[in-house]
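Work through the exercises below with the sequence and the model open. Try each task before reading its solution.

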Amino acid sequence: MATGPTETDVLKALSGIIDPDLKRDIVSLGFVQNMTIDNGTVSFDLVLTTPACPVREQFRQQCQEAVGRLDGVNTVNVELKAEVRKAQAPPARSGDQDAPATPGALAGVKNIIAVASGKGGVGKSTVAVNLAIALADTGAVTALMDADVYGPSVPIMLGLVGQQPEPTEDEEKILPLEAHGIRAMSLGFLTDTEAPVIWRGPMVHKTLQQLLEVVQWGELDYLIIDMPPGTGDAQLTLTQSVSLSGAVIVTTPQDVALLDARKGLHMFQRVNVPVLGIVENMSFFACPHCGKTSHIFSSGGGKRTADKLDIPLLGQIPIDPAITEGGDSGVPISRSAPDSEPALAYRSLAGKVAAQLSTLAMQPDNPADIPGMTFQ
Amino acid sequence: MTQRRHNSSIVPQQLLRWGDQGIEIVWTDGSRMRYRFDDLRRACPCAECQEDRQNGSDADAGISLTVLPDNAADMYTPTEIRPTGRYAYTILWADGHHTGIYSFELLYQLGRPSP
């Protein structure tokens, strides 16, 4: 009687499958787990580095083909799972009450992504909100922190205006609100939406620190921080006090915006935060009447800048009146029109952001391993 | 002596104790450097300490004497060296001071080569 393959045979067959982002085979990456071989039926889990993996179905198919070709195999069951890897610096271990707040408060957060722009008005918050929702839709636990202290727009965009966060049972912390599958916190929940925030730098610094410290985020795969526009005090506070895993820079295609995007890039590079890439918002307009595409703010700017700065262009989001409507009515376009072109663009963006973060997390010299030290 | 230049890819690989007096950092470029705690504290880059140092150098010209607090030794005793972002260490001191963020660039300059 013919015997089926051994586990070694199966692993050997699978080791020919290369992860296109990590550029290593899926066996040495440790993706293949819990294998059972029973009477010609081979079953295993494929544990990816993110549920937002853009090539997950391709992996499944490749696995089935590779193992199916082995002698004595009738059925191949591949279960796709994901375990998001941590790309940020390790949390602090000491219980020092006086210490800077962020590391401990964000200990359960695997990846912190800043969504930034060099200037206002490029749709940064819209991108942040929809990116968070698109990541959450893949099954990743995702939260959004609105750090735009001067103009918090997340409450409106998520339809949470007028709601206030509840304290935890011990009244030590506050719980984030939830909407559209993501957790969210904004200064807008805690202040009057009509009143402008008129603060000097130190006040902004303190408020952001507190906001980060006081929120009980829980275990998160991704925390998206909607940064204030520009490269001033508040941005520096965040980049200097939080272990950002990476930053995404939002821009529009015209040259003035791109110039500012460059400034944003340099700010992150200066503090050693990896810039995952550029998102070109308001890329083009597809006319709903004639179907023709117009490049209202000129074309190709995002691509040119990305090439010049040697960072990836992660996505191009078209202009669509539904985006604004969605934002203003509290139902982002990723929810109100999930099959629209912008929603698809956001989904692709989420996949690329997640893939970039996985790549960073898997690098052997990932600075997440920077050693710390406590003294008795 | 030629000083090697720091770039952002050079980060600490190992952080070791150097007796009771300081620490040793092994950098990813292979260099090993030593730091005394008191030197580190005196080089604290936070705005407050920088200002104190500036004012201090003016005051030295006069005849003012600094009255040391009871916990003066705590000033030079770290409680934690904590990675901050991907570019710096925050050093927490026993006297409660914790606002100094020592960029790797700065530490790379401050270090004395390990024999």
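A polar contact is a pair of N or O atoms within 3.5 Å; within protein, one atom must be able to donate a hydrogen and the other to accept it, and residues adjacent in sequence count only if both atoms are side-chain atoms. This is a predicted model, in which local features need pLDDT of at least 70 and side-chain atom pairs count only at pLDDT 80 or more, while totals for chains, interfaces and linings use all residues. Residues are numbered from 1 along each chain as its sequence is written, chains are lettered from A and ligands numbered from 1 in the order in which they are written, and side-chain values use heavy atoms, with hydrogens and water left out.

**Exercise 1. Polar contacts**

Task: Which backbone oxygen does the side chain of Thr142(A) reach? Which side chain does that of Ser186(A) contact?

Solution:
- Step 1. Locate Thr142(A): it belongs to strand β5 of chain A. Helices (H or I, at least four residues) and strands (E, at least two) are DSSP runs, numbered from the N terminus.
- Step 2. Thr142(A) has a relative accessible area of 2%, so it is buried. The terms are: buried, under 20% relative accessible area; exposed, over 50%; partly exposed, in between (1.4 Å probe, protein chains only).
- Step 3. The backbone oxygen reached by the Thr142(A) side chain is that of Ala140(A), at 3.1 Å.
- Step 4. Turn to Ser186(A), in strand β7 (residues 182-186) of chain A. With 0% relative accessibility, Ser186(A) is buried.
- Step 5. The side chains of Ser186(A) and Asp146(A) are joined by a polar contact of 3.0 Å. The side chain of Ser186(A) also reaches the backbone nitrogen of Gly188(A), at 2.9 Å.

**Exercise 2. Salt bridges**

Task: With which residue does Lys124(A) form a salt bridge at 2.8 Å? Why does the pair tie together parts that are 102 residues apart in sequence?

Solution:
- Step 1. Apply the rule: a side-chain nitrogen of Lys or Arg lies within 4 Å of a carboxyl oxygen of Asp or Glu. Over all chains this gives 15 salt bridges.
- Step 2. One of them joins Lys124(A) and Asp148(A), at 3.9 Å from N to O. Lys124(A) is in helix α4 (residues 124-137) of chain A and Asp148(A) in the loop between β5 (142-146) and α5 (154-157) of chain A, so this pair ties together parts 24 residues apart in sequence. Lys124(A) and Asp148(A) are both buried.
- Step 3. The partner at 2.8 Å is Asp226(A). Because Lys124(A) sits in helix α4 of chain A and Asp226(A) in strand β8 (residues 220-226) of chain A, the pair ties together parts that are 102 residues apart in sequence. Lys124(A) and Asp226(A) are both buried.
- Step 4. In chain B, Arg82(B) and Glu80(B) form a salt bridge with the closest N and O atoms 3.3 Å apart. Arg82(B) is buried at 4% relative accessible area, and Glu80(B) is buried at 1%.
- Step 5. Arg36(B), Asp38(B), Asp39(B), Arg42(B) and Arg112(B) form one network through salt bridges that share partners.

**Exercise 3. Aromatic pairs**

Task: How many aromatic pairs are there over all chains? Why does the pair of Phe375(A) and Phe37(B) join two chains?

Solution:
- Step 1. Rings of Phe, Tyr and Trp (its six-membered ring) pair if their centres lie within 6.5 Å; planes under 30 degrees apart count as stacked, over 60 as edge-to-face and the rest as tilted. The count is four aromatic pairs over all chains.
- Step 2. The rings of Phe375(A) and Phe37(B) have centres 5.7 Å apart and planes at 90°, so the pair is edge-to-face.
- Step 3. Phe375(A) lies in the segment after β13 (373-374) of chain A and Phe37(B) in helix α1 (residues 37-42) of chain B, so the pair joins two chains. Phe375(A) is buried at 12% relative accessibility, and Phe37(B) is buried at 7% relative accessible area.
- Step 4. Trp27(B) and Phe104(B) also make an edge-to-face pair, with 6.0 Å centre to centre and 80° between the planes. Trp27(B) is in strand β2 (residues 22-27) of chain B and Phe104(B) in helix α3 (residues 104-110) of chain B, 77 residues apart.
- Step 5. Ring pairs link Trp27(B), Tyr89(B), Phe104(B) and Tyr108(B) into a cluster.
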